[in-house]
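Let's take a walk through the charged side chains of this protein and see who pairs with whom. Keep the structure open as you read.

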Amino acid sequence: DGDRTEEFVFLRLRDFRRAGDVLISETGTSAQNIGGLPVPDNVRYINQTSWGSIGYALPALLGSLLSEPGRRHVLCMGDGSFQLTAQELSTIVRQGLAPVILLLNNAGYTIERSILGMSSAYNDVANWSYHELPRVFGLDNDRLLSRVCCTRSELDAALAEAADTDRLAFIEITLQPEDMTAATTTVGDATRVYDYGVTGPTSPF
């Protein structure tokens with residue numbers, strides 16, 4: 001079945017998007033890998049990479065859903081960012097809204113790993129049971145599509161189920177902590193040099 005990689009996930013997200021969607025990407029790996037993908041007609045894309053405010057995307061999803069509830073909303077964000085504003089999922093549930101949420105669970109801050117401290121504990125986060133949170137916040141099972149994807153075939157099946165559902169779809173995708181795309185590695189290297197100079201930490205010079 002093959003491993004799930006970030007590259008594979010974003011290729012599947014490219015195919016999952018359709019005309020008329022609202023697509024929200026979190027700062028970090030989601031934005032780095034979604035920003036360059038081709039966009040179908042009439043897709044609204046929400047991101048704020050310039051501010052670097054991780055955790056922004058979930059409340060942004062809430063605001064956009066309230067503004068245009070008739071459009072399909074797709075959110076892609078990592079576990080570290082999600083933990084900063086997870087309570088907004090409770091408001092989404094309370095308002096009866098039904099987005100598609102793709103949660104990349106790679107046990108921490110991937111973009112920070114790419115900058116500095118690949119295996120450092122300060123880039124780790126607690127491993128929540130993310131897919132259970134809609135139920136914790138009071139969502140009935142008949143209004144929820146919750147999946148954990150540990151293989152490529154599980155991800156394909158979950159996306160097929162979520163494509164036209166009228167339920168809130170919460171798809172948790174497990175990834176390896178050090179797995180990242182070339183785009184993320186490039187941004188990490190450039191940021192490290194910008195922050196610390198060419199003779200900074202991990203520099204070969």
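Start with Glu161 and Arg147, which form a salt bridge whose closest N and O atoms are 2.8 Å apart. Glu161 sits in helix H8 (residues 152-162) and Arg147 in strand S5 (residues 144-149), so this pair ties together parts that are 14 residues apart in sequence. Keep in mind that you're looking at a predicted model.

How exposed are the two partners? Glu161 has 34% relative accessibility, which makes it partly exposed. Arg147 is partly exposed too, with a relative accessible area of 30%. Both values fall in the partly exposed class because that class lies between the 20% limit for buried and the 50% limit for exposed.

Next, look for a network: Arg44, Glu68 and Arg71 are joined into one by salt bridges that share partners. One link you can pick out is Arg71 with Glu68, where the closest N and O atoms are 3.3 Å apart.

Now move along to Arg135 and Glu132, whose side chains meet in a salt bridge at 2.9 Å, N to O. What about their exposure? Arg135 is partly exposed at a relative accessible area of 35%, and Glu132 also counts as partly exposed, at 32% relative accessibility.

Why do such pairs form at all? Side chains of opposite charge can pair when their charged atoms come close.

If you'd like to keep hunting, the structure holds 10 salt bridges, including Glu161 with Arg147, Arg71 with Glu68 and Arg135 with Glu132.

Technical notes
Residues are numbered from 1 along each chain as its sequence is written. This is a predicted model: local features need pLDDT of at least 70, side-chain atom pairs count only at pLDDT 80 or more; totals for chains, interfaces and linings use all residues. Side-chain values use heavy atoms; hydrogens and water are left out. A salt bridge is a side-chain nitrogen of Lys or Arg within 4 Å of a carboxyl oxygen of Asp or Glu. Buried means under 20% relative accessible area, exposed over 50%, partly exposed in between (1.4 Å probe, protein chains only). Helices (H or I, at least four residues) and strands (E, at least two) are DSSP runs, numbered from the N terminus.
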